[in-house]
Amino acid sequence: MAGHEIPEPKDRKPVADFESEPWTVEEARHACDPAFRHGVVVGFDGSTSSERALAYAIGMAGRSSSGLIIVHVANRLPTTVWAGCEPPVFVDVPDHRTEVLGLELACADYLSDVPWVLVERGGDICHELEEVGREYEADAIVVGSTHGIVGRIFGSVAGRLARRAQRPVIVIP
(Lines give C-alpha, C1' and ligand atoms only; values in the text may rest on other atoms or scores of the structure.)
Protein backbone atom coordinates (compact mmCIF):
# COMPACT_ATOMS: atom_id res chain seq x y z
CA MET A 1 0.00 0.00 0.00
CA ALA A 2 2.69 2.43 -0.92
CA GLY A 3 1.55 5.98 -1.26
CA HIS A 4 -1.66 5.50 0.73
CA GLU A 5 -2.10 7.89 3.65
CA ILE A 6 -4.43 7.37 6.56
CA PRO A 7 -6.24 10.62 7.40
CA GLU A 8 -5.86 12.03 10.91
CA PRO A 9 -9.02 12.06 13.04
CA LYS A 10 -10.36 15.58 13.57
CA ASP A 11 -10.62 15.22 17.35
CA ARG A 12 -7.09 13.84 17.83
CA LYS A 13 -4.93 15.87 20.19
CA PRO A 14 -1.27 16.23 19.28
CA VAL A 15 1.12 14.25 21.45
CA ALA A 16 3.86 16.84 21.21
CA ASP A 17 3.92 20.40 20.02
CA PHE A 18 7.18 20.70 18.11
CA GLU A 19 6.78 24.44 17.57
CA SER A 20 6.61 25.33 21.26
CA GLU A 21 9.65 25.94 23.43
CA PRO A 22 10.92 22.93 25.40
CA TRP A 23 10.56 23.00 29.19
CA THR A 24 13.53 24.01 31.24
CA VAL A 25 14.75 21.67 33.96
CA GLU A 26 13.06 23.79 36.65
CA GLU A 27 9.70 23.74 34.87
CA ALA A 28 9.92 19.99 34.29
CA ARG A 29 10.77 19.35 37.94
CA HIS A 30 7.77 21.32 39.14
CA ALA A 31 5.36 19.59 36.79
CA CYS A 32 4.03 17.05 39.26
CA ASP A 33 0.82 15.07 39.14
CA PRO A 34 -2.07 17.33 40.23
CA ALA A 35 -3.71 14.39 42.00
CA PHE A 36 -1.01 14.64 44.65
CA ARG A 37 -1.16 18.40 45.21
CA HIS A 38 -1.86 19.24 48.85
CA GLY A 39 -0.97 15.68 49.81
CA VAL A 40 1.09 14.32 52.67
CA VAL A 41 4.87 13.95 52.26
CA VAL A 42 6.55 11.20 54.26
CA GLY A 43 10.24 10.38 54.49
CA PHE A 44 10.82 6.65 54.15
CA ASP A 45 13.99 4.56 54.26
CA GLY A 46 12.68 1.21 55.47
CA SER A 47 13.72 1.72 59.10
CA THR A 48 11.35 1.01 61.98
CA SER A 49 10.80 4.70 62.72
CA SER A 50 10.10 5.48 59.06
CA GLU A 51 7.62 2.59 58.92
CA ARG A 52 5.75 4.14 61.87
CA ALA A 53 5.83 7.52 60.10
CA LEU A 54 4.49 5.88 56.94
CA ALA A 55 1.63 4.25 58.87
CA TYR A 56 0.67 7.62 60.37
CA ALA A 57 0.94 9.37 57.00
CA ILE A 58 -1.30 6.73 55.37
CA GLY A 59 -3.97 7.39 57.99
CA MET A 60 -3.59 11.15 57.61
CA ALA A 61 -3.85 10.98 53.81
CA GLY A 62 -6.87 8.68 54.05
CA ARG A 63 -8.67 10.98 56.50
CA SER A 64 -8.03 14.04 54.34
CA SER A 65 -8.76 12.20 51.04
CA SER A 66 -5.43 13.30 49.62
CA GLY A 67 -2.46 11.59 48.01
CA LEU A 68 0.62 10.27 49.72
CA ILE A 69 4.07 11.30 48.49
CA ILE A 70 6.66 8.83 49.80
CA VAL A 71 10.18 10.24 49.54
CA HIS A 72 13.39 8.21 49.66
CA VAL A 73 16.57 10.26 49.69
CA ALA A 74 19.55 8.40 48.22
CA ASN A 75 23.01 8.63 49.74
CA ARG A 76 25.52 11.27 48.77
CA LEU A 77 29.00 10.95 50.19
CA PRO A 78 31.44 13.86 50.54
CA THR A 79 34.72 13.26 48.77
CA THR A 80 37.76 15.18 49.92
CA VAL A 81 39.46 17.29 47.27
CA TRP A 82 43.17 17.61 47.93
CA ALA A 83 43.86 20.39 45.40
CA GLY A 84 44.23 23.35 47.73
CA CYS A 85 41.30 24.75 49.63
CA GLU A 86 38.55 23.75 47.25
CA PRO A 87 35.18 22.88 48.77
CA PRO A 88 34.28 19.20 49.14
CA VAL A 89 32.74 17.43 46.18
CA PHE A 90 29.66 15.25 46.65
CA VAL A 91 29.52 11.97 44.81
CA ASP A 92 26.23 10.19 44.13
CA VAL A 93 26.46 6.63 45.32
CA PRO A 94 24.35 4.17 43.34
CA ASP A 95 21.43 3.39 45.63
CA HIS A 96 19.33 0.44 44.58
CA ARG A 97 17.46 0.68 47.86
CA THR A 98 14.77 2.84 46.21
CA GLU A 99 13.94 0.06 43.77
CA VAL A 100 13.70 -2.46 46.60
CA LEU A 101 11.54 -0.11 48.68
CA GLY A 102 9.32 0.56 45.65
CA LEU A 103 8.74 -3.16 45.15
CA GLU A 104 7.99 -3.66 48.84
CA LEU A 105 5.53 -0.76 48.83
CA ALA A 106 3.86 -1.95 45.62
CA CYS A 107 3.18 -5.33 47.22
CA ALA A 108 1.95 -3.86 50.53
CA ASP A 109 -1.75 -4.25 51.30
CA TYR A 110 -1.86 -1.26 53.63
CA LEU A 111 -1.26 1.16 50.72
CA SER A 112 -4.22 -0.04 48.67
CA ASP A 113 -6.68 2.48 50.14
CA VAL A 114 -4.74 5.65 49.35
CA PRO A 115 -3.15 6.93 46.12
CA TRP A 116 0.62 7.13 46.50
CA VAL A 117 3.77 7.87 44.57
CA LEU A 118 7.41 7.11 45.40
CA VAL A 119 9.86 9.94 44.75
CA GLU A 120 13.63 9.38 44.78
CA ARG A 121 15.99 12.25 45.45
CA GLY A 122 19.66 12.60 46.25
CA GLY A 123 21.25 15.01 48.68
CA ASP A 124 20.50 16.40 52.10
CA ILE A 125 17.44 14.70 53.57
CA CYS A 126 15.98 17.84 55.17
CA HIS A 127 16.42 19.94 52.06
CA GLU A 128 14.96 17.30 49.76
CA LEU A 129 11.91 16.61 51.95
CA GLU A 130 11.16 20.34 52.13
CA GLU A 131 11.72 20.71 48.37
CA VAL A 132 9.29 17.88 47.57
CA GLY A 133 6.81 19.40 50.02
CA ARG A 134 7.10 22.73 48.22
CA GLU A 135 6.75 21.18 44.75
CA TYR A 136 3.61 19.28 45.71
CA GLU A 137 2.30 22.09 47.95
CA ALA A 138 2.03 19.49 50.70
CA ASP A 139 -0.20 20.03 53.71
CA ALA A 140 2.34 18.34 56.01
CA ILE A 141 5.62 16.45 56.15
CA VAL A 142 5.75 13.32 58.31
CA VAL A 143 9.06 11.88 59.51
CA GLY A 144 10.16 9.33 62.08
CA SER A 145 12.33 10.32 65.00
CA THR A 146 16.01 9.39 65.04
CA HIS A 147 17.13 7.01 67.75
CA GLY A 148 20.76 6.38 68.47
CA ILE A 149 24.08 8.09 68.77
CA VAL A 150 24.26 9.39 65.19
CA GLY A 151 21.19 11.56 65.72
CA ARG A 152 22.58 12.87 68.99
CA ILE A 153 25.93 13.80 67.47
CA PHE A 154 24.84 15.26 64.12
CA GLY A 155 21.32 16.34 65.02
CA SER A 156 18.22 14.52 63.96
CA VAL A 157 16.58 14.98 60.58
CA ALA A 158 13.27 15.63 62.35
CA GLY A 159 14.74 18.40 64.51
CA ARG A 160 16.50 20.15 61.63
CA LEU A 161 13.43 19.84 59.40
CA ALA A 162 11.09 21.18 62.09
CA ARG A 163 13.29 24.27 62.52
CA ARG A 164 13.54 25.16 58.84
CA ALA A 165 10.40 23.84 57.09
CA GLN A 166 7.76 26.19 55.69
CA ARG A 167 4.92 23.72 56.37
CA PRO A 168 3.87 21.61 59.36
CA VAL A 169 6.26 18.81 60.31
CA ILE A 170 4.91 15.85 62.24
CA VAL A 171 7.52 13.75 64.07
CA ILE A 172 6.47 10.20 64.93
CA PRO A 173 8.38 8.61 67.83
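In the predicted model, D124 counts as partly exposed, because its relative accessibility of 33% falls between the limits of 20% for buried and 50% for exposed residues. R164 likewise counts as partly exposed, with a relative accessibility of 39%. These two residues form a salt bridge in which the closest N and O atoms are 3.7 Å apart. Since R164 belongs to helix α6 (residues 157-164) and D124 to the loop between β5 and α4, the pair ties together parts of the chain that are 40 residues apart in sequence.

Salt bridges that share partners also join R121, E128 and E135 into one network. Within this network, the side chains of E128 and R121 meet at a distance of 3.4 Å from N to O, while the salt bridge between E135 and R121 has its closest N and O atoms 2.7 Å apart. The pair of E135 and R121 links distant parts of the chain, given that E135 lies in helix α4 (residues 125-135) and R121 in strand β5 (residues 116-122), 14 residues away. R121 is buried, because its relative accessible area is 12% and the cut-off for a buried residue is under 20%. E128 is buried for the same reason, as its relative accessible area is 7%, and E135 is buried as well. In the whole structure, a search finds seven salt bridges, including the bridge of R164 with D124 and the bridges that R121 forms with E128 and with E135.

Helix α4, in which E135 lies, is largely enclosed by the rest of the structure, because eight of its 11 residues are buried. These buried residues are C126, E128, L129, E130, E131, V132, G133 and E135. After the helix comes E137, a residue whose phi is positive, with a value near 50°.

Helix α4 also packs against α6, with an angle of about 50° between the two helices and a separation of 9 Å between their axes. This angle makes α4 oblique to α6, because it lies neither under 35 degrees, where helices would count as roughly parallel, nor in the range of 65 to 115 that counts as roughly perpendicular. The crossing of the two helices is right-handed. On the side of α4, the contact is made by I125, C126, H127, L129 and E130, and on the side of α6 by V157, R160, L161 and R164. Of the residues in this contact, five are nonpolar, one is polar and three are charged. R164 thus appears both in the contact with α4 and in the salt bridge with D124, whereas C126, L129 and E130 take part in the contact and are also listed among the buried residues of α4.

In another part of the chain, A53 lies in helix α2, which spans residues 48-63. A53 is buried, because its relative accessible area is 0% and thus under the cut-off of 20%. When residues up to four places away in sequence are not counted, A53 touches V42, V142, V143, G144 and I172. One of these partners, G144, stands 91 residues from A53 along the chain, although the C-alpha atoms of the two residues are separated by 5.1 Å.

Note on methods: Residues are numbered from 1 along each chain as its sequence is written. This is a predicted model: local features need pLDDT of at least 70, side-chain atom pairs count only at pLDDT 80 or more; totals for chains, interfaces and linings use all residues. Side-chain values use heavy atoms; hydrogens and water are left out. Helices (H or I, at least four residues) and strands (E, at least two) are DSSP runs, numbered from the N terminus. Buried means under 20% relative accessible area, exposed over 50%, partly exposed in between (1.4 Å probe, protein chains only). Contact means heavy atoms within 4.5 Å. A salt bridge is a side-chain nitrogen of Lys or Arg within 4 Å of a carboxyl oxygen of Asp or Glu. Axes are lines fitted to C-alpha atoms, for helices over the stretch in contact, and angles run from 0 to 180 degrees between N-to-C directions. Angles under 35 degrees count as roughly parallel, over 145 as roughly antiparallel, 65 to 115 as roughly perpendicular and the rest as oblique. A crossing is left-handed if the near helix is turned anticlockwise from the far one by less than a right angle, and right-handed if clockwise. Ala, Val, Leu, Ile, Met, Phe, Trp, Tyr, Cys and Pro count as nonpolar, Asp, Glu, Lys and Arg as charged, and the others, Gly among them, as polar.
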